[in-house]
Amino acid sequence: EFRRVLFRSLDHSVARTVAAAPRKNGFVVLVVDNLDVNRELARSILEPHGYMVKTAGGMSDGLEMARRCTPDLILSDVCMEDGTGYGLLERLKKDASTRSIPFVFITSTMTNREDSERGLALGADRYLFRPISPSALLAEIEQCLLEARGK
């Protein structure tokens with residue numbers, strides 16, 4: 001009886017582990033944010049839905065990582081210690097190897113209309129405001145990737 005209970009317990013444990021394992025969808029998302037907590041929050045939302053997440057803490061790291069790993073999408077904060085998300089986007093759009101990567105701003109500080117208009121005018125595909133629900137963030141990213149495939 002003990003062995004049967006033990007194996008049943010192991011079966012449930014394995015089933016939970018398999019269910020929690022991330023699916024693979026093949027998309028790589030680069031998250032650029034100066035705050036560790038924001039990078040890890042994005043990772044915790046995206047990875048269980050099959051995204052491979054790369055992270056960078058600022059503009060220069062984000063630019064280098066975008067050129068090195070060529071992500072399918074970049075999710076970037078606006079405010080950073082070594083520049084801005086606007087500066088990052090401008091530099092990416094000037095580079096032939098990165099200009100077509102979909103770019104999504106996500107911010108909790110630059111939330112007025114002029115800020116979002118500036119980001120979109122520079123070529124961002126989306127300008128999102130925190131707080132945002134995980135399902136809404138996922139929907140925006142999925143729609144952005146669909147639109148990029150149709151171009």
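Two strands are taken as paired where DSSP finds at least two bridges between them. By this criterion, in what is a predicted model, strand β1, which spans residues 28–32, is joined to β2 by five bridges, and the two strands run parallel. Within this pairing, Val28 lies opposite Met52 of β2, and Val29 likewise faces Val53 of β2. The connection from β1 to β2 passes through helix α2, formed by residues 36–46, and the resulting β-α-β crossover is right-handed.

The pair β1 and β2 belongs to an open sheet of five strands, in which the order is β2-β1-β3-β6-β7 and the pairing is parallel. The edges of this sheet are occupied by β2 (52–56) and β7 (126–129), and because each of these has a single partner strand, one side of each is left without a neighbour in the sheet. On average, and with direction ignored, neighbouring strands of the sheet are turned by 20° against each other.

Helices α4 and α5 both pack on the sheet. Helix α4, comprising residues 85–94, touches β1, β3 (73–76), β6 (103–107) and β7, and the direction of α4 makes an angle of about 175° with that of β6. Helix α5, comprising residues 113–121, touches β6 and β7, and the direction of α5 makes about 150° with that of β7.

Helix α3 extends over residues 59–69, and its buried residues are Met59, Gly62, Leu63, Met65 and Ala66. When the helix is viewed down its axis, these buried residues fall within an arc of 170°, and they therefore line one face of α3. The elements against which the buried residues of α3 pack include strands β1, β2 and β3 of the sheet, together with β4 (79–80), β5 (83–84) and helix α4. Just after α3, Thr70 adopts a positive phi of about 40°.

With respect to cysteines, a search of the whole structure finds zero disulfides. Cys79 has a relative accessible area of 33% and is partly exposed, since this value falls between the limits of 20% for buried and 50% for exposed residues. Cys144, by contrast, has a relative accessibility of 2% and so counts as buried.

Methods: Residues numbered from 1 in each chain as written. Predicted model: local features only at pLDDT ≥ 70, side-chain atom pairs only at ≥ 80, totals over all residues. Heavy atoms only, no water. Helix = DSSP H or I, 4+ residues; strand = E, 2+ residues; numbered from the N terminus. Axes fitted to C-alpha atoms, helices over the stretch in contact; angles between N-to-C directions. Contact = heavy atoms within 4.5 Å. Disulfide = S-S within 2.5 Å. Buried < 20%, exposed > 50% of the residue type's maximum accessible area, 1.4 Å probe, protein only. Right-handed = clockwise from strand over helix to strand, strands pointing away. Arc of directions from axis to C-beta.
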